[in-house]
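Got your viewer open and a selection box ready? Let's take a walk through the structure, one stop after another.

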Amino acid sequence: MLELTNLHARVVPEDGPSREILKGLSLSVPKGEVHAIMGPNGSGKSTLSYVLTGRGGYEVTEGAALYEGESLLSLPPETRAAKGLFLSFQYPLEIAGVPVMTFVRAAMNAQRKARGEAEVSAPDFLKLSRIAAQQLRIDPEMLKRPLNVGFSGGEKKRLEIYQMLMLQPRFMILDETDSGLDIDALKVVADGVNALRGPDRSMLVITHYQRLLDYIKPDRVHILSAGRIVKSGGPELAHELEKSGYDTVMGTP
Amino acid sequence: MIAANALPNRRVEGWRWSDLSAALAGRDLPIIPGDRHVLARLAIGARRMAGIVVNAGETRTDIERVGGEGVDARALEIDVRDGASMSLVTIQQEGDVALAHRKVRLGQGATFRQFVVAGGAQYARIETEIEVAGSGAKVELNGVYLVAKGRHADLTSQVVMQADHAEVRQIVRGAARKGGRGVFQGRFKVERAAQKADAKMEHNALLLEDGAEVFAKPELEIYADDVQCAHGNTSGQLDEAAIFYLRQRGLPEIEARAMITRAFLIEALPDWLDETIHAEVEARIDAWLGAVS
């Protein structure tokens with residue numbers, strides 16, 4: 001479903017010199033699979049998520065990123081979103097003055113319009129919202145408040161998954177979704193994510209720690225270091241990392 | 001000092017970003033002499049000066065529409081007596097030169113609330129002068145300005161607190177596009193007798209494109225020692241990280257920008273606006289955001 005080949009990308013700050021972050025990253029995530037990416041700080045995990053979703057300020061200098069056989073790299077972020085790409089942000093943005101439900105409905109309809117589908121009706125939208133909120137144990141009152149404004153770290157992460165359940169994406173990137181969550185919240189969020197697992201959906205779970213992977217079980221685990229995948233394996237690789245640390249695991253050829 | 005029939009130009013403090021002399025050049029307008037504010041003297045010359053008295057304990061709401069062909073100069077002198085309450089909504093629309101001045105005097109426990117929405121004109125200035133003469137009076141001054149290419153909008157205000165326990169709240173938000181100019185000048189003067197004054201001024205502007213201009217001059221002048229006075233003033237661009245967040249969820253860039261700008265502006269709408277006016281102002285903002293994207 002997602003094929004990355006020899007991807008090189010650099011961050012281009014508005015001031016200051018650009019820096020190469022991804023240095024020949026190759027990765028294949030087949031349809032229906034959940035892959036985890038683990039790696040130390042600065043290895044390029046967030047850059048990868050931004051390059052895939054088309055954030056400004058990053059430049060791909062070499063390599064390819066194919067999503068269902070089509071190159072992603074020249075598409076604007078909203079087109080990628082309409083094709084089913086969803087990023088659960090590490091630090092969700094606060095959007096003052098825009099209530100959660102207003103925003104999600106606008107996003108849902110914009111995606112539908114881009115795909116040539118009819119808009120969601122108000123009753124259908126409310127029904128979907130009620131189900132998603134219940135699943136994630138979100139207080140419905142929260143959905144009337146401005147998006148993420150004054151929400152705790154945990155609430156913001158829940159709300160990312162709420163948006164994911166509402167938008168029903170086909171390829172999900174979870175960037176450090178476990179940070180800021182206590183163990184109970186983690187379980188609720190993981191249940192929400194797992195509800196979206198299916199033969200037509202794939203996921204890239206970016207995390208520092210093995211903890212999240214106890215609840216969202218990956219098919220494959222990759223270790224990212226200095227902008228490349230240096231090691232891949234089954235779920236046991238995450239346990240090995242947790243036990244011995246990055247240095248030891250990456251040191252083993 | 002300006003001579004009786006001369007108009008202030010950009011070398012005059014308070015008119016630096018809104019040169020009235022240049023705006024009215026070549027137009028032979030009647031202006032009466034005297035000590036009144038220049039905009040009031042122009043309004044009297046145009047026979048557009050009105051007096052409003054809100055008697056003790058009474059409540060009044062006015063909606064005023066400013067702008068149109070040529071020069072629209074008008075002024076109000078408003079006397080809000082003890083315990084009375086006046087709400088004024090000013091909608092400034094398209095036009096060549098739109099000038100509005102209001103001078104308000106507040107009695108004891110009186111309330112004056114104002115909301116201005118200005119779409120700008122070749123030259124538009126809406127100036128409010130408030131004298132808080134009675135103790136425990138309340139003032140709310142809110143405003144929104146929207147300036148696209150070739151448009152100018154100036155919201156200037158002065159609140160002079162002369163009596164104790166005044167409560168003043170001001171929130172002005174503006175958005176400017178390339179070639180548009182927004183001006184905010186706000187002055188709070190707290191005189192020695194105005195102890196326990198509680199006054200907050202806030203002006204925030206969004207420069208939506210390169211080549212947009214916003215000039216702001218917030219001023220606090222305080223002579224009383226037991227007061228709470230604060231002001232906040234920002235102007236900047238839309239947060240690109242927030243725009244990306246919205247686009248990642250599927251909103252096209254233009255819609256994402258409009259959504260954030262709209263939310264930013266709507267926050268300056270006071271909760272006392274009636275539904276019809278609220279809806280009209282929202283529609284005006286939406287049209288502006290849609291028309292010039």
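Before the first stop, a word on angles: axes here are lines fitted to C-alpha atoms, for helices over the stretch in contact, and angles run from 0 to 180 degrees between N-to-C directions. Helices (H or I, at least four residues) and strands (E, at least two) are DSSP runs, numbered from the N terminus. This is a predicted model, where local features need pLDDT of at least 70 and side-chain atom pairs count only at pLDDT 80 or more, while totals for chains, interfaces and linings use all residues. Residues are numbered from 1 along each chain as its sequence is written, and chains are lettered from A and ligands numbered from 1 in the order in which they are written.

**Stop 1: a helix pair in chain B**

Select residues 240-248 of chain B, which is helix H3, and residues 253-266 of chain B, which is helix H4. Their axes come within 9 Å and cross at roughly 125°. That makes H3(B) oblique to H4(B); the cut-offs are under 35 degrees for roughly parallel, over 145 for roughly antiparallel, 65 to 115 for roughly perpendicular, and oblique for the rest. The crossing of H3(B) and H4(B) is right-handed, the term used if the near helix is turned clockwise from the far one by less than a right angle, with anticlockwise being left-handed.

Now show side chains: B:Ala242, B:Ile243, B:Leu246 and B:Arg247 of H3(B) make the contact with B:Glu253, B:Ala256, B:Arg257, B:Met259 and B:Ile260 of H4(B). (Two residues are in contact if their C-beta atoms, placed from the backbone, lie within 7 Å.) Sorted by class, the H3(B)-H4(B) contact has six nonpolar, no polar and three charged residues. Here Ala, Val, Leu, Ile, Met, Phe, Trp, Tyr, Cys and Pro count as nonpolar, Asp, Glu, Lys and Arg as charged, and the others, Gly among them, as polar.

**Stop 2: where the chains meet**

Keep that selection and bring chain A into view. The contact between the chains takes 19 residues from chain B and 22 residues from chain A. On the chain B side, the elements giving two or more residues are H3 and H4 of chain B. That side has eleven nonpolar, two polar and six charged residues.

**Stop 3: the rest of chain B**

Zoom out to the whole of chain B: five helices and 14 strands. Its C-alpha atoms fill a box of roughly 55 × 45 × 35 Å along the principal axes.

Next, pick out the open sheet of seven strands, ordered E1-E3-E5-E7-E9-E11-E13 (chain B), with parallel pairing. (Two strands pair if DSSP finds at least two bridges between them.) The edges are E1 (49-54) and E13 (213-222) of chain B, each pairing on one side only. Neighbouring strands in this sheet are turned by 10° against each other on average, direction ignored.

Inside the sheet, select E5 (residues 97-106) and E7 (residues 123-132) of chain B, which pair in the parallel sense over ten bridges. B:Leu106 has B:Val132 as its bridge partner in E7(B). Then add helix H2 (residues 38-45) of chain B: it packs on the sheet, touching E1, E3 (71-80), E5 and E7 of chain B, and its direction makes about 110° with that of E3(B).

**Stop 4: the chain A sheet**

Over in chain A, look for an open sheet of six strands in the order E6-E7-E8-E3-E9-E10 (chain A), with mixed pairing. E6 (85-88) and E10 of chain A are the edge strands, each pairing on one side only. The twist averages 20° from one strand to the next.

For a parallel pair, select E7 (residues 171-175) and E8 (residues 202-207) of chain A, joined over five bridges. A:Ile173 stands opposite A:Leu204 in E8(A).

For an antiparallel pair, try E9 (residues 220-225) and E10 (residues 228-233) of chain A, also with five bridges. A:Lys231 in E10(A) is the bridge partner of A:Ile223. Two residues lie between these hairpin strands, and A:Ala226 takes a positive phi near 50°.

**Stop 5: helices around H5 of chain A**

Finish with H3 (residues 100-114) and H5 (residues 153-167) of chain A, whose axes come within 10 Å and cross at roughly 35°. This crossing of H3(A) and H5(A) is right-handed. Their contact has seven nonpolar, two polar and no charged residues.

Then select H4 (residues 122-135) of chain A, which packs with H5(A) at an angle of about 140°, with the axes 9 Å apart. H4(A) and H5(A) are therefore oblique to each other.
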